[in-house]
Each structure stands twice: as C-alpha cells, then as structure tokens.
Amino acid sequence: MTSTAPTALVWLKRDLRLRDHAPLTEAAHFERALALVVLEPQWLASPECHPRQVAYWLDAVHQLQVDLAARGLPLLLRVGALPQVLQDLRREVAFTHLFSHEETGPGWSWTRDRAVAAWCRAEGVAWTEWPQTGVLRRLRSRDGWASRWAARMYAPRLPAPRGFAAPPGWAIQPQPLPTLRELGLAEPVQAPPPAGERAAWATLGDFLAGRGRGYRRALSSPLTAQTGCSRLSEHLTFGTISMRCVHQATEARIRHADSGPDSDPALARDLRAFAGRLRWHCHFMQKLEDQPDLEFRNLARSVDGLRPGDGVHPGEVDRERLAAWCEGRTGFPMVDACMRQLNATGWLNFRMRAMLVSFAAYHLGLHWREPGLHLARQFLDFEPGIHWSQMQMQSGCTGINTLRIYSPAKQARDQDPTGDHLRRWLPEFGTPAYPAPIVDEREAVAEIKARLHQLRQTAPARAEADALQQRHGSRRSGLPSTARPSRRPRAAAVPDSQGRLF
C-alpha cells in the first residue's frame with residue numbers, strides 16, 4: 001500500500017462530469033485523491049444492456065479522464081465486480097474515504113450497493129453518498145416532496161474543482177479504454193450521438209437559445225421531436241450534466257425571455273412546459289426508489305393474472321407476438337416504423353414510446369416485463385426509475401392512472417400526416433412483403449379494456465388504489481396528499497409526456 005495519509009476515492013457511476021459534482025468537490029480538499037469508474041460484468045450481462053449504451057459510456061469516460069487529468073486527478077478504469085474491485089485497489093492505495101452519488105438503478109445495482117456498504121464497514125472505509133437528482137432516499141411520505149425537490153434544484157451549483165493531489169507515483173494521463181470488440185460486444189448499427197459534458201452543455205445551450213421554440217407542438221411527432229425536443233435525456237441518464245444545472249439554466253432563460261431586452265414570450269411558454277417535465281422526471285424515479293420491486297412485479301397486485309407472463313403465470317409469454325413487436329413486423333405501420341427507428345437509433349419521442357407500450361399491452365396482450373426489457377436495451381437514455389414506472393402506467397398496472405390506449409392509425413394520421421416517417425422506416429409498406437395485422441385491433445382492445453375496468457370496480461382494487469395513491473401519487477408543492485376517499489380509484493393528474501425530455 002501507498003501512504004496512509006487521508007485519501008479519497010471518488011467512485012463515478014452515472015455522474016460523468018466536473019460541474020455540480022459533490023464527490024469531486026469534497027475530494028479536492030483531501031491530501032490525496034483518486035477517481036474510479038468500474039465496467040461491471042453485472043451491467044454487461046444484464047438484459048437491459050446494449051452495446052450502444054456501453055459505447056456512449058466509454059466516450060463520456062474518456063472525455064472525463066482528459067478533463068480530470070488536466071486538474072491532477074487520475075481516473076482509473078477497472079473491469080470487474082464490486083466490491084472486489086475496491087478490495088484489489090486498496091492493496092495499491094490505502095484510501096480511507098469513498099465518495100459517490102446516490103443511484104436509483106435496476107435490481108443488480110441495489111444488490112451491489114448493499115455489498116459495497118458491507119465491505120466499507122468491514123474495512124473501516126468511510127463511504128459518503130450525495131444526491132444528484134430530486135429523488136429523496138428513505139422517504140417516509142410524499143407530502144411536501146415537491147417543495148423539497150425545489151429546494152434542491154434552487155440550491156447553489158458547485159463549480160468544477162480547480163485541482164487535486166494524486167497519490168505519489170500514480171500516472172495522471174488517461175489510460176487506454178477497452179473497445180467494444182475487446183469487451184465481446186458488437187458495434188451498434190448507428191453510432192450514438194456525442195457524449196460528455198461539453199456535448200451536454202452545447203445541447204442545452206442550443207435548446208435554450210431558440211431550438212426549444214415550438215417545443216410543445218414538436219414533442220409529439222417522431223418527425224419534429226428529433227430537433228424540437230431538448231435531446232438531453234441521455235446526458236441526464238449518464239450524468240454528463242446535472243438536473244440542477246439544467247433546471248437553473250432553464251429558469252434563467254425563461255426569466256430573460258419573459259422580460260429581457262430581447263423578450264420572446266413564445267419561447268418562454270415552451271420552456272415552462274419543458275421545466276415542468278424536469279419535475280416529472282424525478283417524480284417517477286422516486287417511485288422506484290420507494291418501491292424497488294416495481295421493476296419485477298405489478299404495482300397493483302389486483303391485476304396479477306390479467307396477462308400471461310406476470311407473477312401468477314411466469315414465463316407464459318406469446319413469443320411469436322413479442323418477436324413481431326420487437327422486430328417491427330406487426331402489420332400495424334406506425335408501430336412497426338417507430339420500433340424500427342428505435343432499434344436503429346436508440347431514440348424515439350415519448351408519445352411514440354407510449355404508443356409502443358400501449359400496443360404491446362392492449363393489442364397484443366403482453367405483460368410489460370418482457371417488452372420493457374427490449375425497450376430498455378434499445379433506449380440510449382434508459383433510466384430505470386422512469387422506465388419501469390412508465391411501463392406499468394402505460395400498461396394499466398398501477399391501479400391509479402387513467403388507461404391510455406393509443407390507436408396506431410390515429411397516431412399515424414396525427415403525427416405523420418404526409419407519411420414521411422413511414423416511408424423512411426418502412427419501405428416495404430404497401431407491397432406484398434409487408435405482413436397483415438397479427439391481431440384484430442377492435443376485438444383485442446375491447447376484451448382487455450373490459451377486464452381492466454371490471455377489475456377496477458372491485459372493493460379490493462379500490463382499497464389498493466387508495467393505498468397506492470397515498471404512497472406514490474403526486475403532491476402539490478408543500479401540501480398534503482391530494483387524494484380523497486372515493487368509491488373508485490382516482491386517476492393521478494399526469495401530463496401526457498411525464499418524466500421524459502425527448
């Protein structure tokens with residue numbers, strides 16, 4: 001081991017940036033400091049992982065290596081499972097403190113964090129975690145959640161640390177990172193967009209400067225949303241910019257657009273709509289933080305058994321229908337075109353994502369878990385807390401939200417009236433090569449809709465809905481729960497594009 005002087009190890013996870021980074025800020029005050037990223041086999045082997053996500057992560061890591069090296073901090077990359085990686089590293093440098101951000105992640109990351117906590121206790125390492133979103137750990141009640149979210153978002157941002165003191169003998173310059181081929185992963189068909197902190201701030205700046213004008217109209221169509229939406233979601237997922245920085249920059253731009261010398265009321269209105277979605281982003285992540293098992297089981301247990309493949313009948317999934325949906329060959333043009341776009345690029349706007357989930361759940365009768373895993377792999381911006389909450393809500397499995405059943409034909413008329421999107425992603429449409437619809441839309445939807453409505457009228461379902469609303473329902477800022485005793489479950493007031501920034 002090297003020197004026994006107080007030494008900080010910053011464990012970087014999904015927080016690959018310099019600015020507004022509490023663990024790095026704290027480490028800058030230590031006599032010795034190192035930073036670490038870990039490419040974990042649990043992630044690479046997880047059913048949510050896609051090579052494009054790994055490629056994006058590696059790009060962001062490389063850029064952060066360069067930025068930290070310029071400030072005197074080595075950023076090490078290790079491939080392996082935690083806490084073994086920490087144990088091995090501690091043989092080289094006797095770090096006394098471990099700093100990281102809190103993470104609301106998939107099940108394997110919860111298990112890993114518990115193992116790291118146990119290792120730190122056994123080894124006498126002081127592990128400190130900081131929040132980096134509006135998610136509150138160990139939250140007992142949603143009452144007042146919105147005001148606490150606001151307090152975090154309006155708190156002063158942390159500047160990038162100016163310099164660090166590395167342990168003697170440690171190379172500062174960036175080390176070579178593994179390639180996808182060396183990791184045994186295939187190259188993605190289409191390269192992911194630029195990653196890293198500079199790309200994040202450039203994307204935000206461009207959106208706030210004027211690209212966000214028309215945001216409210218642009219976000220619904222897969223054509224206009226590609227440029228009309230913020231395109232910050234993957235940056236927030238990998239932490240190349242903080243939620244607080246996005247919030248404060250947006251609020252400042254709204255004030256300027258409202259009353260500055262070059263006022264722009266239209267832009268201000270659109271940015272207010274965007275700012276509201278920042279709140280919904282954390283609102284949905286909070287649900288997974290409070291109830292981690294919603295990744296695996298129905299939130300409303302009253303719907304158990306509604307579809308094959310859930311906790312009542314595990315493994316009973318219609319593989320033929322699932323494969324047709326995953327590959328974009330259901331015979332429903334808007335569904336197939338959107339799925340093919342997503343599979344190729346890793347991005348799709350929120351309304352079309354909701355349509356894909358609605359179709360899988362209501363038209364094909366698929367339980368949300370298997371479709372959810374496919375989408376998680378495809379989304380470059382896969383955020384577990386938002387993703388699994390949305391999968392359940394769009395499938396009608398929360399017990400408290402209005403059933404949202406999207407008509408693919410109506411979405412095509414409304415969002416792609418000229419057929420440009422279909423022609424790009426579905427060139428065989430209108431030819432004998434394009435398949436017939438795999439289900440009768442009217443019959444399939446009518447059957448499961450009737451069953452869900454019948455279930456929701458039962459006394460156990462109503463009681464369960466009241467409890468779920470109390471635990472997970474939204475709150476007005478600083479006020480008690482808005483839920484009132486009722487004979488029927490009350491739908492939560494949720495906007496159409498909650499929680500996403502596409």
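Let's begin with an opening in the protein: the second largest pocket holds about 330 Å³ of space. Keep in mind as you look around that this is a predicted model. The pocket is lined by 18 residues, and those closest to its centre are Gln190, Pro193, Arg231, Thr345 and Trp347. Which elements give two or more residues to this lining? They are helix H7 (197-211), helix H10 (233-238), helix H14 (333-345) and helix H19 (420-425). By character, the lining residues of this second largest pocket divide into 8 nonpolar, 7 polar and 3 charged.

Next, find Pro106, in the loop that runs between strand S4 (97-101) and helix H5 (107-123). Is Pro106 buried or exposed? With a relative accessibility of 7%, Pro106 counts as buried, because that value falls under the 20% cut-off. Setting aside neighbours within four places in sequence, Pro106 is in contact with Glu48, Glu295 and Pro384. Take Glu295 from that group: 189 residues separate Pro106 and Glu295 in sequence, yet their C-alpha atoms are 7.4 Å apart in space.

Finally, turn to the cysteines. How many disulfides does the structure hold? The count is 0. Cys49 is in no disulfide, and the nearest cysteine sulfur to its own belongs to Cys326, 17 Å away. Because a disulfide needs two cysteine sulfur atoms within 2.5 Å, that distance leaves Cys49 unpaired. Cys326 is likewise in no disulfide, its nearest cysteine sulfur being that of Cys338, 15 Å away. As for their surroundings, Cys49 is buried, with a relative accessible area of 12%, and Cys326 is buried too, at 14%.

Key
Residues are numbered from 1 along each chain as its sequence is written. This is a predicted model: local features need pLDDT of at least 70, side-chain atom pairs count only at pLDDT 80 or more; totals for chains, interfaces and linings use all residues. Side-chain values use heavy atoms; hydrogens and water are left out. Buried means under 20% relative accessible area, exposed over 50%, partly exposed in between (1.4 Å probe, protein chains only). On a 1 Å grid over the protein atoms alone, a cavity is a set of points where a 1.4 Å probe fits but cannot get out, and a pocket is an open set with protein on both sides within 12 Å along at least five of seven lines; lining residues have an atom within 4 Å of a point. Grid points are joined across faces, edges and corners, and a volume is the space filled by probe spheres set on the points. Helices (H or I, at least four residues) and strands (E, at least two) are DSSP runs, numbered from the N terminus. Ala, Val, Leu, Ile, Met, Phe, Trp, Tyr, Cys and Pro count as nonpolar, Asp, Glu, Lys and Arg as charged, and the others, Gly among them, as polar. Contact means heavy atoms within 4.5 Å.
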